[in-house]
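Here's an informal walk through the model, strand pairings to begin with, then helices, cores and rings. Keep the viewer open while you read.

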Amino acid sequence: MYIEIVIKPKFTLKAFFKILMSIIVIFAGQKKVLAQHKNQLFVDVDTETHVLHVNQKITYFNTTNDTISRIILNDWNHAYSNLQTPLASRFSDEFYRGFHLAKEEERGNTSKLKITGEKQSLLSWERTKENPDLVIINLPQKLAPNQKTELQLTYDAKIPSNKFTKYGYDDFGNMNLKNWFLTPARYENHEFVRYSNENLDDIPNAVTDFEVELRVSKEFEISTDLDENEEIIANEDYSIHKLIGKNRIDFSLHIEPIASFTSFKNDNFEVLTNLNGEKITPYAQAQAIDCVVRFVKKLIGDYPFKKIIISQTDYERNPFYGLNQLPSFIRPFSDEFTYEIKFLKTYINVFLNNSLYINNRKDSWVHNGIQIYIMMKYIEENYPGTKMLGSAASYKLLKSYNLTNLDFNEQYSYFYMLMARKNLDQALGEPKNKLIKFNEQIASKYRAGLSLRFLNSYLENDAVSKSINNFYIKNNKQQTDALDFENALKNQTTKNIDWFFKTIIYSRDLIDYKFDKVTKTTDSIQFSLKNKTGINVPIPIYGTNKGEIVFKEWIEPGPKYSIYSLARNGANKIILNYKNEVPEYNLRNNWRSLKSFFPNNRPLKFVFAKDLEDPYYNQIIYMPSFEYNLYDGLIAGMRLHNKTILEKPFTFTINPSYSSNSNTFSGSGGFSINKNYRDSRLFNVKYSLAGSYFHYAPDATYTKINPSILLQIRENDIRDNKKQLIYFRHVMVDRQKSEIVTNNPTNNYSVFNARYINTKTEVTEHFSFVNDVQLASNFGKLSGEIEYRKLFEDNHRFNIRLYAGSFLYNKINNDYFSFGIDRPTDYLFDYGLYGRSESSGFFSQQFILAEGGFKSKLNTAFANQWISTINTGYNIWNWIEVYGDVGLVKNKYQSPKFIFDSGIRLNLVTDYLELYLPVYSSNGWEITQNRYNEKIRFIITFSPKALLNLFNRKWF
């Protein structure tokens with residue numbers, strides 16, 4: 001379907017001079033303009049096997065001042081070839097199992113590669129272990145500057161399934177082709193750029209002229225942003241499409257049984273899109289597309305090609321986070337607005353990817369900053385007053401939430417602060433492949449746009465918008481970098497903005513100002529500012545009266561304290577960074593009232609469930625809580641806390657509850673002080689005090705008080721999944737005496753516990769080491785645990801756990817503090833045991849992988865001197881595993897005893913939902929013994945926080 005929107009531009013003298021200046025700028029920059037290589041491809045598409053048979057000719061021009069002896073070609077399709085590539089490692093790092101578990105035919109590769117030179121001589125080539133998706137060609141003769149050579153290539157490109165990255169083939173016969181052909185890598189700083197495919201959309205291709213002849217079954221249609229060179233040649237079996245493209249680094253190609261793309265024409269510019277807009281009319285889509293295209297043209301410049309493809313895949317790979325997380329039944333935005341924002345984000349991303357020839361791995365902040373900055377400008381101009389949750393802000397039940405009252409553009413700041421408060425933010429200038437996923441996809445992108453908006457507000461006169469336009473016009477036909485963009489920004493102002501790049505872009509320094517002393521008269525305000533982090537950047541101060549802004553001034557505080565005097569202009573409140581222009585760490589210390597006796601006396605605000613941090617209130621979050629254990633029954637309560645979505649330095653929780661079985665009150669509570677260290681591997685220390693009161697038996701309760709210190713250590717590379725924890729605590733337990741449970745007479749005790757944990761977890765491999773020391777008046781224990789899991793290439797898994805522990809001293813006459821063989825007594829009340837005092841029945845069958853780790857209940861249930869066990873497992877099909885445990889246990893006055901067990905493990909969700917079916921053990925053939933159902937063990941985890949970790953570990 002074609003909808004034409006015709007625009008008739010006015011040709012004025014001003015327009016003439018603008019065109020003339022553009023031409024001058026372009027020719028002035030010709031010293032950097034890239035002479036084009038030429039890429040001629042004949043491609044025979046096998047839609048059944050998803051293989052492209054390629055015959056290719058590359059004419060390579062050496063436009064550098066260097067003499068080169070090798071040429072490097074990007075072959076990113078080969079990144080899907082095996083489980084040792086950087087792409088496979090990236091999937092594993094981010095806990096994506098799909099690629100590792102895929103069938104061989106679902107993965108892609110480049111095979112049968114043959115390369116000949118100008119005289120039909122075979123050329124030697126190689127792949128390296130570090131970059132297996134690059135092809136390094138050794139030239140028979142060195143290629144001098146301004147000389148060219150021709151390479152003839154033949155190969156088969158096996159296209160991968162689209163379930164890995166959304167690029168590739170799907171189950172409906174469609175093929176979305178991306179990075180499937182070999183092409184010269186970019187040459188920079190006297191060497192080829194060697195980047196492997198890490199699913200980051202940042203392939204460093206050299207600029208090339210394309211001629212593509214595509215032969216495909218007549219039953220299929222193609223959509224591409226290349227130009228059709230000639231009429232389609234067709235017969236009864238296949239069609240041949242001849243395509244051309246000038247000055248390209250890549251192109252889009254979709255092969256489908258029925259073309260899903262709709263064409264929207266604007267003068268000589270065509271937008272092809274299949275972005276999901278089925279809920280709005282084609283005319284509304286056309287209006288949205290036209291509005292976006294005109295706006296981007298005004299701020300950036302002209303798109304250099306005649307066609308652009310905006311696909312649903314492009315959007316899904318980089319969605320508008322927030323919109324895409326809302327369930328379909330919640331519709332705070334109109335269908336038209338939702339479509340427009342999706343198209344806006346995707347259009348800018350594709351526009352810049354295709355036409356801005358920048359190293360998008362090394363200098364990704366430029367691309368990200370321009371994209372988000374333009375999006376914010378678009379909302380400001382076209383949808384002023386729109387809230388973060390749209391029409392939800394008008395619902396009476398939601399009016400008290402800060403989440404609903406925020407302006408649409410303010411959400412970007414909170415996504416950045418989410419990571420900063422976790423001490424997981426990274427410098428904007430960090431290479432893209434070094435960013436953790438949440439930063440790469442969300443936080444760093446948003447902060448880059450916020451930073452440009454901050455600079456634009458400080459420089460005034462829309463200096464950043466002008467810089468973006470000038471930078472693009474000058475560089476969209478040549479290779480460019482972040483330094484060019486920096487110079488474009490500096491050319492728009494006489495102010496010194498070196499601080500912007502040093503502090504905002506290339507460091508992760510935090511910005512945090514607060515008011516110190518404030519005095520006022522009828523006409524003036526005097527105040528001092530404290531620079532809490534010592535980082536100097538300009539910051540705006542606002543005066544407000546009943547919510548209306550009465551003045552705004554930019555000030556430039558010093559490194560520690562600064563004193564200012566301003567005209568009051570009727571203000572009754574002064575606020576730093578009121579519009580959140582500066583990416584500041586903490587907004588709660590940014591305002592002072594000029595009328596109350598207590599200038600920062602924040603009123604209490606009760607909010608249901610959870611909310612964003614509101615700097616003007618002390619928020620108390622309340623939410624019903626439900627727990628269960630056999631003795632308390634259903635434990636229903638109301639949890640009160642101050643934990644908002646953003647981390648805080650001080651948090652508390654009070655959770656009074658009522659136990660349905662005992663008809664008594666129970667509950668838990670505590671507080672913690674959180675301290676981040678920005679420039680240290682010891683990145684976080686948490687001081688806590690927690691307490692709980694529940695039943696441990698039908699007729700007896702326990703009280704636990706637990707002061708603790710947790711030290712968290714990470715690697716210098718934040719993406720590294722290796723973590724180290726050092727944990728100190730003192731557990732004080734007061735247990736009521738039970739008339740029912742009489743075998744554990746110890747009631748009141750305290751234990752000092754020190755623990756060291758070293759763990760590294762990925763999809764393919766997990767390793768952890770735990771060392772534990774416990775000291776009490778009547779006993780002392782030392783133990784260690786090593787656990788290893790491995791996922792092999794044939795999709796079989798092996799796990800092994802080694803545990804060893806010994807008493808340093810033991811004056812206890814019962815087994816309450818002994819090492820448990822099949823189940824710990826949990827005297828520290830750490831585990832979520834539903835029936836902790838049960839020795840028989842269903843709840844006694846709950847399994848906790850701790851201490852001995854045996855699944856069978858053996859005659860020897862405890863060890864009061866030392867223990868050494870090995871727990872192993874190996875999956876035989878999908879989630880069905882065989883397990884085996886062996887061990888030596890030593891009790892006082894007895895010889896060491898060898899024990900073992902084995903059986904079947906149904907590993908439905910590791911650590912969260914498992915069943916253990918004993919088969920053979922020291923007890924004999926358990927599977928043939930009576931009451932076998934009582935021997936089955938289970939793991940069931942209901943904790944929402946624990947389950948949430950399954951989903952967010954890929955982001956953080």
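Let's begin with strands β4 (residues 68-74) and β7 (residues 134-143), which run antiparallel and are joined by six bridges. If you want a register marker, R70 has N138 in β7 as its bridge partner. Bear in mind that this is a predicted model.

**Sheets and strand pairs**

That pairing belongs to an open sheet of four strands, ordered β6-β7-β4-β11, with antiparallel pairing. At the edges stand β6 (125-126) and β11 (183-184); each has a single partner strand, so one side of each has no neighbour in the sheet. As general background, strands of a sheet pair through backbone hydrogen bonds, either parallel or antiparallel.

Another open sheet of four strands goes β9-β10-β19-β15, again with antiparallel pairing. Its edge strands are β9 (168-169) and β15 (221-224), and each of them pairs on one side only. Two bridges tie β9 to strand β10 (residues 175-177), running antiparallel, and Y169 finds its bridge partner in M175 of β10.

Then there's β18, which turns up in several pairings. Strand β14 (residues 208-217) pairs with β18 (residues 238-248) in the antiparallel sense over nine bridges, and L214 stands opposite H241 there. Strand β16 (residues 227-228) is joined to β18 by two bridges, also antiparallel, with D227 partnered by I244. Strand β17 (residues 233-234) pairs with β18 as well, antiparallel and over two bridges; in this case A234 faces S239. The link from β17 to β18 is a hairpin through three residues.

**Two helices**

Does helix α4 come out shorter than, longer than or in agreement with its expected span? For the 18 residues of α4 (residues 282-299), 1.5 Å a residue gives an expected span of 26 Å, and the end C-alpha atoms are 26 Å apart, so the two agree. The buried residues of α4 are A284, Q285, A286, A288, I289, D290, V292, V293, F295, V296 and L299. Note that Q285 and D290 are on that list alongside the nonpolar residues. Just after α4, G301 takes a positive phi of about 145 degrees.

Helix α6 (residues 335-355) passes the same kind of check: its 21 residues should span 30 Å, and its end C-alpha atoms are 30 Å apart. α6 is mostly covered, with 18 of its 21 residues buried.

**Cores**

In soluble globular proteins, nonpolar side chains tend to be buried together. Here the largest nonpolar core has 114 residues, and Y347 and F527 are the ones with the most contacts inside it. Helix α10 (residues 437-459) supplies the largest share of this core, eleven residues. A second, separate core has 49 residues, including L52, I136, L153 and A185.

What does F527 touch, leaving aside residues up to four places away in sequence? The list is F515, K517, V518, I541, I555, S562, I563, Y564, L566 and I574.

**Rings**

The structure holds 66 aromatic pairs. One of them is W180 with F181, which is edge-to-face, at 5.0 Å centre to centre and 80 degrees between the planes. F515 and F527 make another pair: their ring centres are 5.6 Å apart and their planes are at 80 degrees, so this pair is edge-to-face. The F515–F527 pair links distant parts of the chain, with F515 in strand β23 (residues 513-520) and F527 in strand β24 (residues 524-531), twelve residues apart.

How exposed are these four rings' residues? With buried meaning under 20% relative accessible area, here are the values:

| Residue | Relative accessible area | Class |
|---|---|---|
| W180 | 1% | buried |
| F181 | 4% | buried |
| F515 | 2% | buried |
| F527 | 2% | buried |

Ring pairs also link F320, F333, F337, Y383, F408, Y412, F415, F438 and Y446 into a cluster.

Finally, a couple of charges sitting over rings. R248 lies over the face of F305, 4.0 Å from the ring centre. K605 does likewise over the face of Y617, at 5.0 Å from the ring centre.

How values were computed:
Residues numbered from 1 in each chain as written. Predicted model: local features only at pLDDT ≥ 70, side-chain atom pairs only at ≥ 80, totals over all residues. Heavy atoms only, no water. Core = buried A, V, L, I, M, F, W, Y, C linked by side-chain atoms within 4.5 Å. Buried < 20%, exposed > 50% of the residue type's maximum accessible area, 1.4 Å probe, protein only. Contact = heavy atoms within 4.5 Å. Pairing = 2+ DSSP bridges. Expected span 1.5 Å × (residues − 1). Phe/Tyr/Trp six-rings, centres within 6.5 Å; stacked < 30°, edge-to-face > 60°. Lys NZ or Arg CZ within 6 Å of the ring centre and 35° of its normal.
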